[in-house]
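Take a moment to look over the sequence and the model shown here before reading on. The paragraphs below begin with a single element and then widen the view to the chain as a whole.

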Amino acid sequence: MNLPEDSRAVAGYVTAGSGTFTATIDFDHYSGGNKGQTNGQPPQIDLFIYDAETPAPHGDPNVVARSTTLNSGTTTASASFGRNAEDSVYYVVAKLTNVPGAVNGDDVQAHFDLSVSFDSGVFVSGTRSDDGSVFTAGQTDEMSLTVNPSESGLVRDAVPTEWDVLTDASDDIDRIEQTNGVKYVYFTKTAAADMKNEYTYLVEAPEKGSAVSDTGQYTFGPVELQINDEWIAVNGTSENNTVVGLSTDL
(Lines give C-alpha, C1' and ligand atoms only; values in the text may rest on other atoms or scores of the structure.)
Protein backbone atom coordinates (compact mmCIF):
# COMPACT_ATOMS: atom_id res chain seq x y z
CA MET A 1 0.00 0.00 0.00
CA ASN A 2 1.28 3.42 -0.95
CA LEU A 3 1.37 7.01 0.22
CA PRO A 4 0.17 9.32 -1.29
CA GLU A 5 -1.47 7.34 -4.08
CA ASP A 6 -4.97 6.09 -3.34
CA SER A 7 -3.91 2.52 -2.80
CA ARG A 8 -4.20 2.74 0.96
CA ALA A 9 -6.57 -0.19 1.22
CA VAL A 10 -6.65 -3.76 0.02
CA ALA A 11 -9.72 -5.97 0.14
CA GLY A 12 -10.94 -9.44 -0.67
CA TYR A 13 -13.79 -11.71 0.27
CA VAL A 14 -14.32 -15.11 1.85
CA THR A 15 -17.27 -17.44 2.28
CA ALA A 16 -17.73 -18.69 5.84
CA GLY A 17 -20.36 -20.55 7.85
CA SER A 18 -20.51 -22.08 11.34
CA GLY A 19 -17.15 -21.65 13.06
CA THR A 20 -14.51 -18.96 13.53
CA PHE A 21 -12.87 -17.04 10.71
CA THR A 22 -9.55 -15.25 11.36
CA ALA A 23 -7.67 -12.67 9.31
CA THR A 24 -4.07 -11.76 10.20
CA ILE A 25 -1.78 -8.93 9.08
CA ASP A 26 2.02 -9.14 9.41
CA PHE A 27 4.02 -6.07 8.36
CA ASP A 28 7.16 -6.96 6.40
CA HIS A 29 9.04 -3.89 5.19
CA TYR A 30 8.96 -0.43 3.61
CA SER A 31 10.13 0.56 0.15
CA GLY A 32 10.32 3.87 -1.72
CA GLY A 33 12.62 6.86 -1.86
CA ASN A 34 11.47 8.27 1.50
CA LYS A 35 11.34 5.04 3.47
CA GLY A 36 14.13 6.28 5.76
CA GLN A 37 11.77 8.84 7.30
CA THR A 38 9.90 6.05 9.07
CA ASN A 39 12.95 5.07 11.17
CA GLY A 40 11.75 1.49 10.86
CA GLN A 41 8.59 2.11 12.91
CA PRO A 42 5.70 -0.10 11.75
CA PRO A 43 2.69 1.55 10.09
CA GLN A 44 -0.81 1.62 11.48
CA ILE A 45 -3.01 -0.70 9.42
CA ASP A 46 -6.64 -1.11 10.46
CA LEU A 47 -8.16 -4.50 9.75
CA PHE A 48 -11.90 -5.01 9.25
CA ILE A 49 -14.24 -7.90 8.50
CA TYR A 50 -17.56 -6.72 7.01
CA ASP A 51 -20.79 -8.62 6.38
CA ALA A 52 -21.17 -8.35 2.59
CA GLU A 53 -24.70 -9.75 2.41
CA THR A 54 -26.27 -7.85 5.33
CA PRO A 55 -25.17 -4.20 5.36
CA ALA A 56 -26.21 -1.84 8.12
CA PRO A 57 -29.16 0.53 7.55
CA HIS A 58 -28.66 3.04 4.73
CA GLY A 59 -26.00 0.81 3.19
CA ASP A 60 -23.36 1.51 5.85
CA PRO A 61 -20.74 -1.21 6.40
CA ASN A 62 -21.75 -3.86 8.93
CA VAL A 63 -18.65 -4.40 11.05
CA VAL A 64 -18.23 -8.04 12.06
CA ALA A 65 -14.72 -7.71 13.54
CA ARG A 66 -11.97 -5.09 13.70
CA SER A 67 -8.43 -4.59 14.98
CA THR A 68 -5.34 -2.48 14.32
CA THR A 69 -1.54 -2.82 14.13
CA LEU A 70 -1.10 0.36 16.20
CA ASN A 71 2.36 0.25 17.87
CA SER A 72 3.08 -3.20 16.49
CA GLY A 73 3.61 -4.87 13.14
CA THR A 74 0.89 -7.47 13.43
CA THR A 75 -2.79 -7.78 14.28
CA THR A 76 -5.56 -10.35 14.11
CA ALA A 77 -9.31 -9.98 13.64
CA SER A 78 -11.46 -13.03 14.39
CA ALA A 79 -15.20 -13.42 13.83
CA SER A 80 -17.33 -16.32 15.01
CA PHE A 81 -20.62 -17.55 13.58
CA GLY A 82 -23.26 -19.67 15.32
CA ARG A 83 -23.89 -23.39 15.27
CA ASN A 84 -26.47 -23.23 12.51
CA ALA A 85 -25.02 -20.36 10.51
CA GLU A 86 -25.34 -20.76 6.76
CA ASP A 87 -22.48 -19.93 4.42
CA SER A 88 -22.27 -16.21 3.78
CA VAL A 89 -19.84 -13.77 2.11
CA TYR A 90 -17.62 -11.47 4.17
CA TYR A 91 -15.24 -8.73 3.05
CA VAL A 92 -11.75 -8.50 4.56
CA VAL A 93 -10.36 -4.95 4.33
CA ALA A 94 -6.94 -3.67 5.41
CA LYS A 95 -6.59 0.14 5.52
CA LEU A 96 -3.29 1.99 5.79
CA THR A 97 -4.07 4.86 8.18
CA ASN A 98 -0.67 6.13 9.30
CA VAL A 99 3.04 5.81 8.45
CA PRO A 100 5.18 7.30 11.24
CA GLY A 101 7.39 10.12 9.97
CA ALA A 102 5.78 10.23 6.51
CA VAL A 103 3.33 12.77 5.09
CA ASN A 104 1.26 13.01 1.94
CA GLY A 105 3.58 13.33 -1.03
CA ASP A 106 6.34 11.13 0.38
CA ASP A 107 7.40 8.09 -1.61
CA VAL A 108 6.72 5.29 0.92
CA GLN A 109 5.15 1.88 0.40
CA ALA A 110 4.23 -0.54 3.19
CA HIS A 111 4.50 -4.24 2.41
CA PHE A 112 2.66 -6.80 4.54
CA ASP A 113 1.22 -10.29 4.47
CA LEU A 114 -2.54 -10.82 4.85
CA SER A 115 -3.60 -14.37 5.67
CA VAL A 116 -6.91 -16.02 6.56
CA SER A 117 -7.86 -19.21 8.37
CA PHE A 118 -11.01 -21.00 9.54
CA ASP A 119 -11.75 -23.16 12.61
CA SER A 120 -15.02 -25.10 12.37
CA GLY A 121 -14.74 -26.27 15.99
CA VAL A 122 -15.18 -22.87 17.70
CA PHE A 123 -18.41 -20.94 17.22
CA VAL A 124 -20.38 -18.23 18.99
CA SER A 125 -23.78 -16.69 18.30
CA GLY A 126 -25.12 -13.51 19.85
CA THR A 127 -27.48 -10.56 19.64
CA ARG A 128 -27.62 -6.87 20.47
CA SER A 129 -30.70 -4.75 21.15
CA ASP A 130 -31.12 -1.27 22.60
CA ASP A 131 -33.55 1.64 22.96
CA GLY A 132 -33.27 2.95 19.42
CA SER A 133 -30.94 4.16 16.69
CA VAL A 134 -31.22 7.97 16.91
CA PHE A 135 -30.46 9.92 20.10
CA THR A 136 -30.07 13.50 21.24
CA ALA A 137 -26.99 14.66 23.14
CA GLY A 138 -26.95 13.35 26.71
CA GLN A 139 -29.71 10.80 26.15
CA THR A 140 -29.26 7.37 27.75
CA ASP A 141 -29.41 4.07 25.90
CA GLU A 142 -29.68 0.61 27.48
CA MET A 143 -27.66 -2.07 25.71
CA SER A 144 -28.89 -5.67 25.96
CA LEU A 145 -26.51 -8.39 24.76
CA THR A 146 -26.64 -12.17 24.47
CA VAL A 147 -23.77 -14.58 23.85
CA ASN A 148 -24.05 -18.34 23.24
CA PRO A 149 -20.56 -19.88 22.79
CA SER A 150 -19.27 -23.39 22.21
CA GLU A 151 -16.65 -22.72 24.92
CA SER A 152 -16.84 -20.58 28.05
CA GLY A 153 -14.95 -17.30 28.15
CA LEU A 154 -14.80 -13.68 29.26
CA VAL A 155 -16.96 -11.17 27.40
CA ARG A 156 -16.41 -7.55 26.41
CA ASP A 157 -18.18 -4.97 24.26
CA ALA A 158 -16.81 -2.06 22.23
CA VAL A 159 -18.21 1.43 22.79
CA PRO A 160 -17.33 4.67 20.95
CA THR A 161 -14.94 6.74 23.06
CA GLU A 162 -17.26 9.75 22.83
CA TRP A 163 -20.06 7.94 24.69
CA ASP A 164 -20.08 7.66 28.51
CA VAL A 165 -20.61 4.25 30.12
CA LEU A 166 -22.76 4.57 33.25
CA THR A 167 -20.98 2.06 35.46
CA ASP A 168 -22.88 3.01 38.64
CA ALA A 169 -26.15 2.02 36.96
CA SER A 170 -24.79 -1.14 35.30
CA ASP A 171 -24.30 -4.09 37.64
CA ASP A 172 -22.93 -6.38 34.91
CA ILE A 173 -19.81 -4.26 34.31
CA ASP A 174 -16.48 -5.28 35.80
CA ARG A 175 -14.23 -2.56 34.33
CA ILE A 176 -13.63 -0.26 31.36
CA GLU A 177 -10.42 0.00 29.35
CA GLN A 178 -9.63 2.29 26.44
CA THR A 179 -7.11 1.30 23.77
CA ASN A 180 -6.54 1.98 20.07
CA GLY A 181 -9.39 4.47 19.95
CA VAL A 182 -11.98 2.04 21.35
CA LYS A 183 -13.58 1.91 24.80
CA TYR A 184 -13.94 -1.72 25.95
CA VAL A 185 -16.56 -2.70 28.53
CA TYR A 186 -15.61 -5.91 30.39
CA PHE A 187 -18.34 -7.88 32.15
CA THR A 188 -18.16 -9.60 35.52
CA LYS A 189 -19.83 -12.85 34.46
CA THR A 190 -18.00 -15.41 32.32
CA ALA A 191 -20.12 -16.67 29.44
CA ALA A 192 -21.01 -20.34 30.01
CA ALA A 193 -20.75 -22.77 27.11
CA ASP A 194 -23.79 -23.98 25.19
CA MET A 195 -26.28 -21.57 26.73
CA LYS A 196 -27.55 -18.03 26.26
CA ASN A 197 -25.71 -15.56 28.51
CA GLU A 198 -27.25 -12.11 28.99
CA TYR A 199 -25.62 -8.75 29.77
CA THR A 200 -27.07 -5.24 30.10
CA TYR A 201 -25.56 -1.81 30.69
CA LEU A 202 -26.31 1.88 30.17
CA VAL A 203 -24.50 4.42 28.00
CA GLU A 204 -25.02 8.14 27.53
CA ALA A 205 -24.76 9.97 24.20
CA PRO A 206 -22.02 12.61 23.93
CA GLU A 207 -22.84 16.20 24.89
CA LYS A 208 -19.46 17.59 25.93
CA GLY A 209 -18.71 19.18 22.57
CA SER A 210 -20.81 21.42 20.36
CA ALA A 211 -24.02 20.45 18.61
CA VAL A 212 -21.99 20.12 15.43
CA SER A 213 -19.14 18.06 16.88
CA ASP A 214 -21.41 15.67 18.79
CA THR A 215 -23.70 15.05 15.82
CA GLY A 216 -22.73 11.97 13.84
CA GLN A 217 -22.85 8.21 13.54
CA TYR A 218 -21.18 5.95 16.09
CA THR A 219 -20.43 2.22 15.88
CA PHE A 220 -21.03 -0.08 18.86
CA GLY A 221 -19.54 -3.56 18.97
CA PRO A 222 -18.94 -6.14 18.01
CA VAL A 223 -19.18 -8.08 21.26
CA GLU A 224 -16.10 -10.25 21.77
CA LEU A 225 -15.49 -13.52 23.63
CA GLN A 226 -12.05 -14.59 24.88
CA ILE A 227 -11.11 -18.16 23.96
CA ASN A 228 -7.53 -19.46 24.29
CA ASP A 229 -6.30 -15.91 25.05
CA GLU A 230 -7.73 -14.61 21.76
CA TRP A 231 -10.64 -12.17 21.49
CA ILE A 232 -13.20 -13.44 18.97
CA ALA A 233 -15.90 -11.12 17.60
CA VAL A 234 -19.50 -12.34 17.71
CA ASN A 235 -21.30 -11.90 14.40
CA GLY A 236 -24.50 -9.87 14.50
CA THR A 237 -23.56 -7.76 17.53
CA SER A 238 -22.53 -4.48 15.85
CA GLU A 239 -24.80 -1.47 15.54
CA ASN A 240 -24.62 2.10 14.27
CA ASN A 241 -26.34 4.78 16.37
CA THR A 242 -26.80 8.41 15.37
CA VAL A 243 -26.60 11.47 17.64
CA VAL A 244 -28.36 14.61 16.42
CA GLY A 245 -26.42 16.95 18.70
CA LEU A 246 -28.71 19.16 20.76
CA SER A 247 -29.78 18.01 24.20
CA THR A 248 -33.49 18.07 25.06
CA ASP A 249 -32.76 18.81 28.75
CA LEU A 250 -34.07 22.19 29.95
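Strand S11, which covers residues 140-149, is mostly covered in this predicted model, with seven of its 10 residues counted as buried, where buried means a relative accessible area under 20%. Which strands does S11 pair with? One partner is strand S9, made of residues 124-129, and the two pair in the antiparallel sense over six bridges; valine 124, for instance, has proline 149 in S11 as its bridge partner. Another partner is strand S16, made of residues 197-204, which runs antiparallel to S11 and is joined to it by eight bridges. Within that second pairing, aspartate 141 has valine 203 of S16 as its bridge partner. As a rule, the side chains of a regular strand alternate between the two faces of the sheet, and this is worth keeping in mind when following any strand with the eye.

Elsewhere in the chain there is an open sheet of three strands, whose order is S10-S20-S17 and whose pairing is mixed. Strand S10 (134-135) and strand S17 (216-220) stand at the edges of this sheet, and because each has a single partner strand, one side of each is left without a neighbour in the sheet. Strand S20, made of residues 239-243, is joined to S17 by five bridges, and these two strands run antiparallel. An example from this pairing is glutamine 217, whose bridge partner in S20 is threonine 242.

Stepping back to the whole, the protein chain has one helix and 20 strands. Its C-alpha atoms fill a box of roughly 55 × 50 × 35 Å along the principal axes. How does the radius of gyration relate to that of a compact globule? For 250 residues, a compact globule would have a value near 18 Å, and the 19 Å of the protein chain therefore agrees with it. Of the 250 residues, 46% count as buried, and among the contacts with a separation of 6 or more, 75% are between residues 24 or more positions apart.

The surface and the charges complete the picture. The protein chain exposes about 11900 Å², and carbon and sulfur atoms supply 45% of that area. As for charged side chains, there are 12 positive and 37 negative ones in the protein chain, while the centres of the two sets lie 2 Å apart.

How values were computed:
Residues numbered from 1 in each chain as written. Predicted model: local features only at pLDDT ≥ 70, side-chain atom pairs only at ≥ 80, totals over all residues. Heavy atoms only, no water. Buried < 20%, exposed > 50% of the residue type's maximum accessible area, 1.4 Å probe, protein only. Helix = DSSP H or I, 4+ residues; strand = E, 2+ residues; numbered from the N terminus. Pairing = 2+ DSSP bridges. Rg over C-alpha atoms; globule rule 2.2 N^0.38 Å. Contact = heavy atoms within 4.5 Å. Areas by Shrake-Rupley, 256 points an atom, 1.4 Å probe, with all protein chains shown as cover. Lys, Arg positive; Asp, Glu negative; His and termini not counted. Charge placed at Lys NZ, Arg CZ, Asp CG, Glu CD.
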